[in-house]
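Here are my notes for anyone opening this structure for the first time. I'd keep the viewer open while reading and go point by point.

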Amino acid sequence: MEQTFEQRIKNMPNRLAPSMAKDHPNLPVIKEEGCYYYGLDGRKYLDFTSGIAVTNVGHRHPKVVQAIKDAADGLMHGPSGVIMYDSILRLADELAEILPGDLDCFFFANSGTEAIEGAIKLAKYVTERPYVISFTGCFHGRSMGALSVTTSKSKYRKFMQPSGLTYQVPYANESECPNGVDSESYVIEKLEKDFESLFIHQVTPEEVACVILEPVLGEGGYIVPPKAWLKKVREICDRHQILLIFDEVQTGFGRTGNWFAAQTFDVNPDIMAIAKGIASGLPLSATVASNELMKKWPLGSHGTTFGGNPIACSVGLATLEIMKEENLLENTRNMGHYAVQKLQQIKDKYNVIGSIRAVGLMIGIEIINPYTGKPNNEGLMKILDLALEKGVLFYLCGKHSEVIRMIPPLIVTKEQIDDGLRMFDEAVSEYEASILND
Ligand SMILES: Cc1ncc(COP(=O)(O)O)c(C=O)c1O
C-alpha cells in the first residue's frame, strides 16, 4: 500500500542520510507562502529562516510561480554552449547593473559551493599562483575545493581534510579586544600582523592567488566586521597584486540592506560568488568578475551542464523585478533596524542573551550560560524548540551552534516581526525560568 507522508517521515532516518536531514528542525511542511510554512500538523508557522537566506522575496511569490510556468512552456534545460537563450543573457545584463565596481561578467552555476569553486579556479588561473588565503570561521561550502577554505567548524573536515593549497588568518573579532583599547584599531592592527607573520613564515605573497572571505561571517556566527577592517583587507591584497574574492552567497541579494554587502561596506572585490537569494529557491549561482578578468579564463578551463538553467534564470529576472517593485532593500534596512531595537529590549529582560549582531535582516542572537557567560548550545536548542512550538522558526549558527539566526524574508512586515519576537520573548522567558528553577 502507498505510504502516507506521516509514515515516510517515520522512516526518514532509514532513507535520508543524517547529513541530508540536517540539524534543526526538519518541520514536516506541505505548503509555503510569503513568510509562512504550512505544517503537516495543520498549523501555520512564521518563517524567520527564509530557507537559510534564500526566499528573500517570500516563499512562492506569485510572480516567481508565473515566471516558472511561463519559462517551462518554452525551455527547461540549456545547456549554454549547446544552445543559447535570452533569459541567461538578460539576467547577466540586469545583474551587471546592480553589482558593484566592474563586476559585469558571469559564469552561472547551480549552488553557492559551485560559485566558490569557480571563483577560486578563476583566481588561480589568471594569476598563475597556487595558494589561497581564507579567514578562520568562514563557511564557503563543502566540496573539496570549497572545503579547503571553509573553517567554520572542524566537523565539516573531519576525516575528509581537503588537500587544497590554503592558509588561514583570523577573522575580525572585536569581542576579543582587551578592555580600554579601541576595538576597531585592535582588529585592524591584528590583521596587518597576521598577514605579515603569514608572509614571513609560511607563504610569500607572490605565490598567493587570492584572499577569500565572507564580508559578514555567516555560518561562523554572524560577526559583522568594521568597514575599515574590510578596507584594510582590500589594501593588503592590492599591495601584493592578490585578487580579493567576496563570498556573497548569504550576504548578497538584499540581505544586508543593499544589493550586496560590498555596497554596504563600500569595498569592492575582484571576484564575487553569489547564490541563495538570486533565484528564490531555484538552483542558481554565479561566479562574477570583470569582463577583463574573465576573458583570461579560456574555453574548457571550466564548464557546467546544468548551470544557468533557463527556468532558474527567468526566476532570477522575476526576483530582481520584485525586489525593485516592492522596495525590498529599503524594507530590509527599516525592518532590520526595527527588529534589532525590539531584540535589545528583550535582551535587557533576560540573562541568557549575549550580544545581538546585525546588519540589515541578517541578525544573530547569541545565547549564553547566564552563570558563566559561555556559549550555550543546549539553551539555544531549547529556545528554538519552544519558539517552534509557539509557531515561529529560527535557524542557528556559530562555532558552538550558540547563535540564533533571524533571517526572515525581506518582505517581512512590522506586524510579523512583532508576532515572531513575541513568541521568541515567551520562549526565552520559559527557558530562563526553567534553568533558574533547577
Ligand atoms: C557564505 C556561504 N558560502 C557558500 C555556501 C554554500 O552554498 P550551497 O549550500 O548553495 O552550496 C553557503 C551556504 O550556506 C554560505 O552561506
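1. Start with the open sheet of 4 strands, which has the order 1-2-3-13 and mixed pairing. Strand 1 and strand 13 (392–393) sit at its edges, and each of them pairs on one side only. Keep in mind throughout that you're looking at a predicted model.

2. Now walk through that sheet from the strand 1 end. Strand 1 (residues 29–33) runs antiparallel to strand 2 (residues 36–39), and 4 bridges hold the pairing. To find the register, look for Val29, which faces Gly39 in strand 2. The two strands make a hairpin with 2 residues between them, and Gly34 in that turn has a positive phi of about 55°.

3. Next comes strand 3 (residues 44–47), antiparallel to strand 2 and joined to it by 3 bridges. Here a handy marker is Tyr36, whose bridge partner in strand 3 is Leu46. This is another hairpin, now with 4 residues between the strands, and the turn holds Gly42 with a positive phi of about 85°.

4. Where does the parallel pairing come in? Strand 3 and strand 13 are the ones that pair in the parallel sense, over 2 bridges. Asp47 stands opposite Leu393 of strand 13, if you want a spot to check by eye.

5. Two backbone oddities are worth a look before moving on. Ile52 has a positive phi, near 60°, despite being a residue other than glycine, and it belongs to helix 3 (residues 50–53). Further along, the peptide bond from Gly78 to Pro79 is cis, with omega near -15°. You'll find Pro79 in the loop that links helix 4 (62–74) to helix 5.

6. On to the other sheet: an open one of 7 strands, again with mixed pairing, in the order 4-10-9-8-7-5-6. Strand 4 (105–109) and strand 6 (166–170) each have a single partner strand, so one side of each is left without a neighbour in the sheet. From one strand to the next, the twist averages 20°.

7. For an antiparallel pair within this sheet, try strand 9 (residues 271–274) and strand 10 (residues 285–289), which share 4 bridges. Ile271 has Ala289 of strand 10 as its bridge partner. While you're tracing strands here, remember that side chains in a regular strand alternate between the two faces of the sheet.

8. What lies across these strands? Helix 6 (residues 112–127) crosses strand 4, strand 5 (131–136), strand 7 (208–213), strand 8 (243–247), strand 9 and strand 10, and runs at about 25° to strand 10. Helix 5 (residues 86–98) lies across strand 4 and strand 9, and its angle to strand 4 is about 125°.

9. Which residues surround the ligand? The shell consists of Ser111, Gly112, Thr113, Phe139, His140, Gly141, Glu214, Asp247, Val249, Gln250 and Lys276. By class, that shell splits into 2 nonpolar, 6 polar and 3 charged residues. Some of these can be tied back to the previous point: Gly112 and Thr113 surround the ligand and fall within the range of helix 6 (residues 112–127), and Asp247, also part of the shell, falls within the range of strand 8 (243–247).

10. Last, zoom in on the polar contacts. Thr113 puts a polar side-chain atom 2.5 Å from an oxygen atom of the ligand. In the side chain of Asp247, an N or O atom is 2.7 Å from a nitrogen atom of the ligand. Gln250 also takes part, with an N or O atom of its side chain 3.1 Å from a ligand oxygen atom. On its own the ligand has 390 Å² of accessible area, and the protein covers 80% of that.

Methods
Residues numbered from 1 in each chain as written. Predicted model: local features only at pLDDT ≥ 70, side-chain atom pairs only at ≥ 80, totals over all residues. Heavy atoms only, no water. Near = heavy atom within 4 Å. Polar contact = N/O pair within 3.5 Å; in protein donor to acceptor, adjacent residues only side chain to side chain. Areas by Shrake-Rupley, 256 points an atom, 1.4 Å probe, with all protein chains shown as cover. Nonpolar A, V, L, I, M, F, W, Y, C, P; charged D, E, K, R; others polar. Pairing = 2+ DSSP bridges. Axes fitted to C-alpha atoms, helices over the stretch in contact; angles between N-to-C directions. Contact = heavy atoms within 4.5 Å.
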